[in-house]
Amino acid sequence: GQDKATAQRVWQAVQAYKPALASSLLFSSFSLSSLEEMRKIAPECQLALLMHQWLPDWQSICDKLNCISVHMNQEIVTPENSKKVKNTQRSLLCYTVNDPFRANELFSFGVDAVFSDFPDKIAQIK
């Protein structure tokens, strides 16, 4: 219930800490209210939609909010939905990938980057 207030506080904190970098940072959220508020208070910022489960209307949400990327739970990523995202010219990132073999598979689907608790293991993949 604090989605809008959270977005406002995040923006205030970024502005106080590094105002020159604020427009180059990427903000992502599962909360559409937070993303809408961020777009309203900082129209120049970069946004990403976080998806824990596949949302059938993800593309219209991204179009409306002008999201530059989609961040998906790695467990729901398939070659098919990866292609759908990539066909919109958006970046695709996946979380949380701790298995180097899964990371390699995701990269073969077109995933641009992964979030990991063990980046040293992921960096070793070939």
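## Close-up views of a predicted protein chain

**View 1. Let's start with the contacts and the overall build of the chain.** Among contacts between residues at least 6 apart in sequence, 32% join residues at least 24 apart. Please keep in mind that this is a predicted model. The protein chain has six helices and five strands, and if you read along the sequence you will meet them in the pattern α-β-α-β-α-β-α-β-α-β-α. Taken along the principal axes, the C-alpha atoms fill a box of roughly 40 × 30 × 25 Å. What radius of gyration would a compact globule with 126 residues have? Such a globule would have a value near 14 Å, and the 15 Å of the protein chain agrees with that. Buried residues make up 38% of the 126 residues. The accessible surface comes to about 7400 Å², and carbon and sulfur atoms account for 53% of that surface.

**View 2. Five strands form an open sheet.** In which order do the strands of the open sheet lie? The order is β1-β2-β3-β4-β5, and the pairing is parallel. At the edges are β1 and β5 (113-114), each of which pairs on one side only. Look next at β4 (residues 91-95), which runs parallel to β5 and is joined to β5 by two bridges. Here you can find C94 opposite V114 in β5.

**View 3. Strand β1 shows two faces.** Try following the side chains along β1 (residues 26-29), because they alternate between one face and the other. F27 and S29 point to one face and are buried, while L26 and S28 point to the other face and are not buried. Now look across to the neighbouring strand: L26 stands opposite Q46 in β2, and S29 stands opposite L49 in β2. Four bridges join β1 to β2, and the two strands run parallel.

**View 4. Strand β2 pairs with both β1 and β3.** How many of the six residues in β2 are buried? Five of them are, so strand β2 (residues 46-51) is mostly covered. Besides its four bridges to β1, β2 has four bridges to β3, and β2 and β3 run parallel. A good residue to pick out is L49: S29 of β1 stands opposite L49, and the bridge partner of L49 in β3 is V70.

**View 5. Helices link the parallel strands.** β1, helix α2 (residues 32-41) and β2 together make a right-handed β-α-β unit. From β2, the chain then crosses through helix α3 (residues 58-65) to β3, and this β-α-β crossover is right-handed too. Helix α4 lies across β3 and β4, and runs at about 140 degrees to β4.

**View 6. Q74 sits in a loop after strand β3.** Look for Q74 in the loop between β3 (69-73) and α4 (79-86). Is Q74 buried or exposed? With 14% relative accessibility, Q74 counts as buried, because the cut-off for buried is under 20%. Which residues does Q74 contact, leaving aside neighbours within four places in sequence? They are C94, Y95, T96, V97, R102 and L106. You have already met one of these contacts, C94, as the residue opposite V114 in β5.

**View 7. K84 meets two tryptophans.** K84 has its place in helix α4. Its relative accessible area is 46%, so K84 is partly exposed. Not counting residues up to four places away in sequence, K84 touches W54 and W58. The view also takes in Q59: K84 and Q59 are 25 residues apart along the chain, and their C-alpha atoms are separated by 9.0 Å.

**View 8. Two loop residues have a positive phi.** Start with N66, in the loop between α3 and β3. N66 is not a glycine, and yet N66 has a positive phi of about 55 degrees. At 53% relative accessibility, N66 counts as exposed, because exposed means over 50%. Then move to Q89, in the loop between α4 and β4. What is the phi of Q89? It is positive, about 65 degrees, although Q89 is not a glycine. Q89 is exposed as well, with a relative accessible area of 71%.

Note on methods:
Residues are numbered from 1 along each chain as its sequence is written. This is a predicted model: local features need pLDDT of at least 70, side-chain atom pairs count only at pLDDT 80 or more; totals for chains, interfaces and linings use all residues. Side-chain values use heavy atoms; hydrogens and water are left out. Buried means under 20% relative accessible area, exposed over 50%, partly exposed in between (1.4 Å probe, protein chains only). Contact means heavy atoms within 4.5 Å. Two strands pair if DSSP finds at least two bridges between them. A crossover is right-handed if, with the strands pointing away from the viewer, the path from the first strand over the helix to the second runs clockwise. Axes are lines fitted to C-alpha atoms, for helices over the stretch in contact, and angles run from 0 to 180 degrees between N-to-C directions. The radius of gyration is taken over C-alpha atoms; the globule rule is 2.2 Å times the number of residues to the power 0.38. Accessible areas come from the Shrake-Rupley method with a 1.4 Å probe; for residues, only the protein chains shown count as cover.
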